[in-house]
Every structure is written in C-alpha cells, then in structure tokens.
Amino acid sequence: MISYRIENIPISVLLRGIEDHHIFLQDRNMNRGFIHWSDEKKGRYINSIFAGMPILPIIFDGTTRPWKVISGEEALTAILDFYNNKLKISRSKYIPLISSFYYNNIPFFLKRKFVSTRIQCYVINPPTSVLDVKEIKDFFSSFYD
C-alpha cells in the first residue's frame, strides 16, 4: 500500500532543501532520461508562478534521505535556475513594468512573492515499499517516453 502526505511547501524551503542536500536533483548532464525544458518553457513556468496560476505538484520519494524527486524535476530546475540568475525571463504580461529580467533584477516585493509561493508536494511516506516507489516512478516516467 502506498502511503503519502500532501504538503504545501514554499519555494524558499524547497530551495534551502536543495542547497542543504535534503532534496536530491539529478545531475542534468549525467541523466539521459532527464527531460530538458527549453529556457522558453522554463520562463513560461516562472511566469505562471508570478501570475498565481495553479501549477503541477511535485512528487518526492520521502522514504529516502535525501528526498528524491519522482515527478517535477524540470519545474524545480526552472525555479533553481531563475533563483540563481541562470534564467532570464524575456517578457511577462504579469510583470509589465519589466521587459526582461533575472531574479536579481526584480523588485523586492516580487522576490518575496516568488520565494513565498507554496507548491503542492506529494511526499511518499515510509513504510511504502521499494517496489511501490519503483512503480510510482515508472508510472510517471511513462508520460515522457
């Protein structure tokens, strides 16, 4: 039986979890199965956060330490790239005062809005078996084949 909990985690907590190695992101260069989002797609995702649109949840394997991402690694990568000023947003109808920007260049109130945005996360709980976790991973990876 699969046991999980739903947590609405602020982006700031997700970023700290990645930085402190409590959340494991695959090495994008080493993972052949990793779906690479274009900068345009990452930008649309970041814009959807600023617009307050509903976004897809992130699913974590909480049976391991650090947590491993089962689904949503591309979204977390977009968030991380934007926050670390590696992703420039070309334009945004949701932030009309700025034609293009990095995280570093936006006003403080927008930075605060971004990092305080909560993302719905599903965390698989122990004692979910390794086989059940593998089945969940296989299920979500089948969407990208």
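**From one buried ring to the whole fold**

Phe-114 is buried: its relative accessible area is 0%. The cut-off for buried is under 20%, so Phe-114 qualifies. The model is a predicted one. Start at this ring and work outward.

First, the overall plan. The protein has 145 residues, and 41% of them count as buried. It holds 5 helices and 5 strands. Along the sequence they follow the pattern β-α-β-α-β-β-α-α-β-α. Take the contacts between residues with a separation of 6 or more: 71% of them come from residues 24 or more positions apart. The accessible surface amounts to about 9,100 Å². Carbon and sulfur atoms account for 54% of that surface.

Now the sheet. In what order do the strands lie in the sheet? The 5 strands make an open sheet in the order β1-β5-β3-β4-β2, with mixed pairing. β1 and β2 stand at the edges with a single partner strand each, so each has one side without a neighbour in the sheet. Strands of a sheet pair through backbone hydrogen bonds, and the pairing is either parallel or antiparallel.

Go across the sheet from β1. Strand β1 (residues 4-10) runs antiparallel to β5, and 7 bridges join the two. One position to look at is Glu-7, whose bridge partner in β5 is Cys-121. Next comes β3 (residues 58-61). It runs parallel to β5, with 4 bridges between them. Here Phe-60 has Val-123 of β5 as its bridge partner.

β3 also pairs with β4. These two run antiparallel and are joined by 3 bridges. Ile-59 is bridged to Ser-71 in β4. The connection from β3 to β4 is a hairpin through 5 residues. Strand β4 (residues 67-71) is mostly covered, with 4 of its 5 residues buried. Last in the order is β2 (residues 23-24). It is parallel to β4 and joined to it by 2 bridges. Phe-24 stands opposite Lys-68 of β4.

Turn to the helices, and to α2. This helix spans residues 39-51, 13 residues in all. From first C-alpha to last it reaches 18 Å, close to the 18 Å expected at 1.5 Å a residue. Which residues of α2 are buried? They are Lys-42, Gly-43, Tyr-45, Ile-46, Asn-47, Ser-48, Ile-49 and Phe-50. An α-helix has 3.6 residues a turn, so residues three or four places apart point the same way. What covers the buried residues of α2? The cover includes α1 (11-19), α3 (73-83), α4 (108-116) and β5 (118-124). Just after α2, Gly-52 adopts a positive phi of about 75°.

Back to the rings. The structure holds 11 aromatic pairs. One of them joins Tyr-83 and Tyr-103. Their centres are 5.0 Å apart, and the planes meet at 50°, so the pair counts as tilted. This pair links distant parts of the chain. Tyr-83 belongs to helix α3, while Tyr-103 sits in the loop between α3 and α4, 20 residues apart.

Are the two tyrosines buried or exposed? Tyr-83 has a relative accessible area of 32%, so it counts as partly exposed. Tyr-103 has 10%, so it is buried.

Tyr-103 has a further ring partner, and this returns us to the start. It pairs with Phe-114, again tilted, at 5.9 Å centre to centre and 55° between the planes. Tyr-103 lies in the loop between α3 and α4 and Phe-114 in helix α4, so the pair ties together parts that are 11 residues apart in sequence. Lys-111 lies over the face of Tyr-103, at 5.5 Å from the ring centre.

The cluster can now be traced in full. Ring pairs link Phe-50, Phe-82, Tyr-83, Phe-101, Tyr-103 and Phe-114. Phe-50 is among the buried residues of α2, and α4 is part of what covers them. Phe-114, in helix α4, is the buried ring that opened this tour.

Methods: Residues are numbered from 1 along each chain as its sequence is written. This is a predicted model: local features need pLDDT of at least 70, side-chain atom pairs count only at pLDDT 80 or more; totals for chains, interfaces and linings use all residues. Side-chain values use heavy atoms; hydrogens and water are left out. The expected span of a helix is 1.5 Å times one less than its number of residues. Buried means under 20% relative accessible area, exposed over 50%, partly exposed in between (1.4 Å probe, protein chains only). Contact means heavy atoms within 4.5 Å. Rings of Phe, Tyr and Trp (its six-membered ring) pair if their centres lie within 6.5 Å; planes under 30 degrees apart count as stacked, over 60 as edge-to-face and the rest as tilted. A charge sits over a ring if NZ of Lys or CZ of Arg is within 6 Å of the ring centre and within 35 degrees of the ring normal. Two strands pair if DSSP finds at least two bridges between them. Accessible areas come from the Shrake-Rupley method with a 1.4 Å probe; for residues, only the protein chains shown count as cover.
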